[in-house]
Amino acid sequence: MNLPDNNSSYKIKEYWDERFSEEDSFEWCKGYSDFKDLLYKHVRKVDRILMLGCGNSRLSEDMYNDGFKNITNIDYSPVVIEKMRKKCRGLAEMQWLVMDITKLTFDRSSFDVILEKATLDALLVEETDPWSLSENAWNTMDSVLSKGKRLRNYTGMSRALPTVGTVVLNLQGSNSGEWCSWYEVVSGTGINSFNAVIEFAKYFKCPLKVDCPLFNPYFFTTFPVLRYEGTFMGVCFAQILVTGGGFISITFSQPHFRKPILAKSQYDWSVSTSTYGNSFHFFFYVMKKGQQLSEDDKLLELTVKNKREHSNDWMENNHHLQEQCMAEDSEDFLCNMTL
């Protein structure tokens with residue numbers, strides 16, 4: 001196995017590309033047979049399943065051979081996706097896509113089950129104190145679990161003449177240069193058409209702007225140019241999961257470290273925990289969308305929220321102490337810990 005020099009490499013795509021090019025298979029948190037009984041309680045064979053950060057694990061193959069056919073596998077390494085696609089070419093109903101879990105582009109409510117095995121752990125490898133996550137780590141978890149991540153900004157304009165009946169815009173009070181947020185797509189499709197622009201804006205919630213009418217010499221008429229600009233937002237786990245669906249997280253991380261991340265009312269799911277393994281336990285978390293947190297988890301959420309707020313206040317009021325520590329000690333790892 002190609003082990004990294006430090007844990008932060010587990011967040012670097014190039015490390016995984018190199019490792020996957022040389023490694024045939026590796027199982028984090030043990031294999032399918034070790035937690036199959038737990039999985040059966042929460043996953044039906046007809047479910048649409050998304051495997052996050054699939055890597056070169058045999059989990060999807062084993063599940064497929066056990067009757068779970070509708071599995072979509074994603075990983076941000078094109079190396080491993082291509083290898084697994086070739087390796088599993090006989091498993092015709094299974095899909096393999098190159099996609100970053102922090103930049104998901106699936107439609108909302110696309111899956112009944114989302115499954116990850118040690119993938120979230122890879123997003124937290126730079127944390128120095130598991131008892132007190134950095135704000136960056138909290139924000140990362142929020143972006144993938146609930147909010148979606150801001151990917152990039154887009155600006156552009158429609159370039160094709162809309163056909164009759166394709167798009168109806170409410171232009172009342174929307175003169176040239178004004179923002180227009182009301183629209184209705186009646187029919188039609190097409191790239192670089194009004195319809196495509198409006199669908200883009202509708203899905204990603206971009207504002208639209210009606211520009212000056214342009215003369216079309218072919219039809220001896222004018223038509224408004226529709227400009228759009230805004231932020232492309234990736235969808236998150238909670239959005240692509242159907243109500244009543246389950247997000248299953250399999251990890252090394254114990255409940256006192258992981259539940260504060262998962263147990264949040266804003267995610268609109270409940271959290272339950274099971275364990276498996278003999279001498280060393282692994283943890284099997286199930287989040288059910290549309291169910292409320294338990295009273296204990298609501299209390300945990302409030303406790304964590306208060307702790308974070310007080311910690312941030314302390315950091316702001318004592319920033320000079322951190323700078324002094326950094327100046328006096330070249331080994332700064334203790335300064336990066338919130339004790």
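Does C88 count as one of two opposites here, buried or exposed? Keep that residue in mind while we take a walk through this protein, which is a predicted model. We will start with the whole chain, move on to its strands, and then come back to C88.

Let's begin with the overall picture. The protein has 339 residues, and 42% of them count as buried. Its secondary structure consists of 11 helices and 13 strands. If you look at contacts between residues at least 6 apart in sequence, 66% of them join residues at least 24 apart. The accessible surface comes to about 18,600 Å², and carbon and sulfur atoms account for 51% of that surface.

Now find strand β1, residues 49-52. Its side chains point in two directions: I49 and M51 go one way, while L50 and L52 go the other. On both sides these four residues are buried. β1 has partners, too. With β2 it runs parallel, and three bridges join the two strands. Within that pairing, L50 stands opposite T72 in β2. To get from β1 to β2, the chain passes through helix α3, residues 59-65, in a right-handed β-α-β crossover. β1 also pairs with β4, again in the parallel sense, over four bridges. Here you can spot L52 opposite E116 in β4.

Next, follow the chain onward from β2, which covers residues 71-75. This strand runs parallel to β3, residues 95-98, and four bridges join them. One facing pair to look for is I74 and L97, the latter in β3. Helix α4, residues 78-87, belongs to this part as well: together with β2 and β3 it makes a right-handed β-α-β unit.

This brings us back to C88, which sits in the loop between α4 and β3. So which of the two words fits? C88 counts as buried because its relative accessibility is 3%, and the cut-off for buried is under 20%. Leaving aside residues up to four places away in sequence, C88 touches E61, M94 and W96. Another residue to compare is S60: C88 and S60 are 28 residues apart in sequence, yet their C-alpha atoms are 9.6 Å apart in space.

S60 and W96 turn up again when we look for enclosed space, since both help to line the largest cavity. The count comes to one cavity of 30 Å³ or more, and the volume of the largest cavity is about 30 Å³. Its other lining residues include M51, N73 and M84.

Helix α1, residues 13-22, is a good next stop. Which of its residues are buried? They are Y15, W16, D17, R19 and F20. Among the elements that cover these buried residues are β2 and α4, the strand and helix you met in the β-α-β unit with β3.

There is open space to explore as well. The largest pocket holds about 1,000 Å³ of space. It is lined by 46 residues, and those that lie nearest its centre are A118, T119, D121, A122 and L123. Several elements give two or more residues to this lining: α1, β1, α5, α6 and α9. Of these, α6 gives the most, with four residues.

Finally, let's look at the backbone in two loops. Most residues other than glycine have a negative phi. S109 has a positive phi of about 55 degrees, although S109 is not a glycine. You will find S109 in the loop between β3 and β4, where it is partly exposed, with a relative accessible area of 37%. D268 also has a positive phi, near 60 degrees, and is likewise a residue other than glycine. Its place is the loop between α9 and β12. D268 counts as partly exposed because its relative accessibility is 38%, and partly exposed lies between the 20% and 50% cut-offs.

Key. Residues numbered from 1 in each chain as written. Predicted model: local features only at pLDDT ≥ 70, side-chain atom pairs only at ≥ 80, totals over all residues. Heavy atoms only, no water. Buried < 20%, exposed > 50% of the residue type's maximum accessible area, 1.4 Å probe, protein only. Contact = heavy atoms within 4.5 Å. Areas by Shrake-Rupley, 256 points an atom, 1.4 Å probe, with all protein chains shown as cover. Pairing = 2+ DSSP bridges. Right-handed = clockwise from strand over helix to strand, strands pointing away. 1 Å grid on protein atoms, 1.4 Å probe; cavity = no way out; pocket = protein on both sides within 12 Å on 5 of 7 lines; lining within 4 Å. Points joined across faces, edges and corners; volume = space filled by probe spheres on them.
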